[in-house]
Amino acid sequence: MTDIDDAIDDVRDAATDLLNSEGRSAVHVVTGIALTVGFALLAHGIASGALRPRRSLKQVRDHDLPITEKPKGAFSLILPAVFSATTLSAVRVWNAPPQPERTRAMGLWLAAQTVNAVWLGLRPSSMARQVLAAMSSAGLAAAFAHEARKLDEGAGKMAAPTGSGVRLGNFLHRKADQATRGRTLH
């Protein structure tokens with residue numbers, strides 16, 4: 001074999017490990033990727049503009065308006081990565097052997113994505129609704145991560161509601177420290 005063949009084999013092995021697709025047909029893997037990425041994009045589309053928040057006169061008067069800004073700074077980098085990690089985790093679950101736990105995990109992922117899209121689209125303004133949105137999103141994400149971990153430990157770790165964000169935040173922090181070599185602004 002040539003170096004190119006070795007490199008191609010290494011890439012295939014890495015992709016098989018990443019997608020948890022050992023023994024799965026290419027059609028099954030592509031279908032899983034299309035379904036999970038398609039649904040994630042649909043949920044993003046719904047959240048981005050299909051649902052408009054309603055504003056009452058009392059909300060305007062009390063300056064209790066929904067937060068409609070996109071995240072800025074580090075959060076603008078972390079949030080897409082967390083959603084991507086959850087979608088990749090769903091692909092890994094999709095590729096797990098067929099069993100009731102896989103069906104339950106995929107159902108929880110679907111529910112979590114739907115609930116997140118609805119809450120993002122509604123943009124709750126009251127404290128009670130924001131707490132309800134956060135608790136329902138975190139609860140469904142944790143339930144999915146728990147079920148995903150039963151099938152595939154890597155999928156569970158990717159889907160952990162705070163694990164991915166903390167890991168990415170720590171990575172960014174290390175890179176920033178390396179770039180500044182310990183210098184601070186203060």
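**Exercise 1.** Where is the place of N95? Determine also whether N95 is buried or exposed.

*Solution.* The structure is a predicted model.
Step 1. N95 belongs to the loop between α4 (74–94) and α5.
Step 2. The relative accessible area of N95 is 3%. Buried means under 20%, so N95 is buried.
Step 3. With neighbours within four places in sequence left aside, the contacts of N95 include L19, N20 and S21; R24, H28 and V29 are also among them.

**Exercise 2.** Describe the surroundings of A105, which residues 100–122 of helix α5 include.

*Solution.*
Step 1. A105 has a relative accessible area of 0%, and because buried means under 20%, A105 is classed as buried.
Step 2. Beyond the neighbours within four places in sequence, A105 is in contact with V93, F144, E147, A148 and L151.
Step 3. For one of these partners, L151, the separation from A105 is 46 residues in sequence, while the C-alpha to C-alpha distance is 8.8 Å.

**Exercise 3.** Which residue lies over the face of W94, and at what distance from the ring centre?

*Solution.* The residue is R102, at 5.8 Å from the ring centre of W94.

**Exercise 4.** Is L41 buried or exposed, and which nonpolar patch on the surface does L41 help to form?

*Solution.*
Step 1. L41 is located in helix α2 (residues 26–50).
Step 2. Its relative accessible area is 57%; exposed means over 50%, and therefore L41 is exposed.
Step 3. Together with I33 and V37, L41 forms a nonpolar surface patch with about 240 Å² of accessible area.

Methods. Residues are numbered from 1 along each chain as its sequence is written. This is a predicted model: local features need pLDDT of at least 70, side-chain atom pairs count only at pLDDT 80 or more; totals for chains, interfaces and linings use all residues. Side-chain values use heavy atoms; hydrogens and water are left out. Buried means under 20% relative accessible area, exposed over 50%, partly exposed in between (1.4 Å probe, protein chains only). Contact means heavy atoms within 4.5 Å. Helices (H or I, at least four residues) and strands (E, at least two) are DSSP runs, numbered from the N terminus. A charge sits over a ring if NZ of Lys or CZ of Arg is within 6 Å of the ring centre and within 35 degrees of the ring normal. Patches are made of residues with over 30% relative accessible area and no salt bridge: like charges are joined within 9 Å, nonpolar side chains (Val, Leu, Ile, Met, Phe, Trp, Tyr) within 5 Å. Accessible areas come from the Shrake-Rupley method with a 1.4 Å probe; for residues, only the protein chains shown count as cover. A salt bridge is a side-chain nitrogen of Lys or Arg within 4 Å of a carboxyl oxygen of Asp or Glu.
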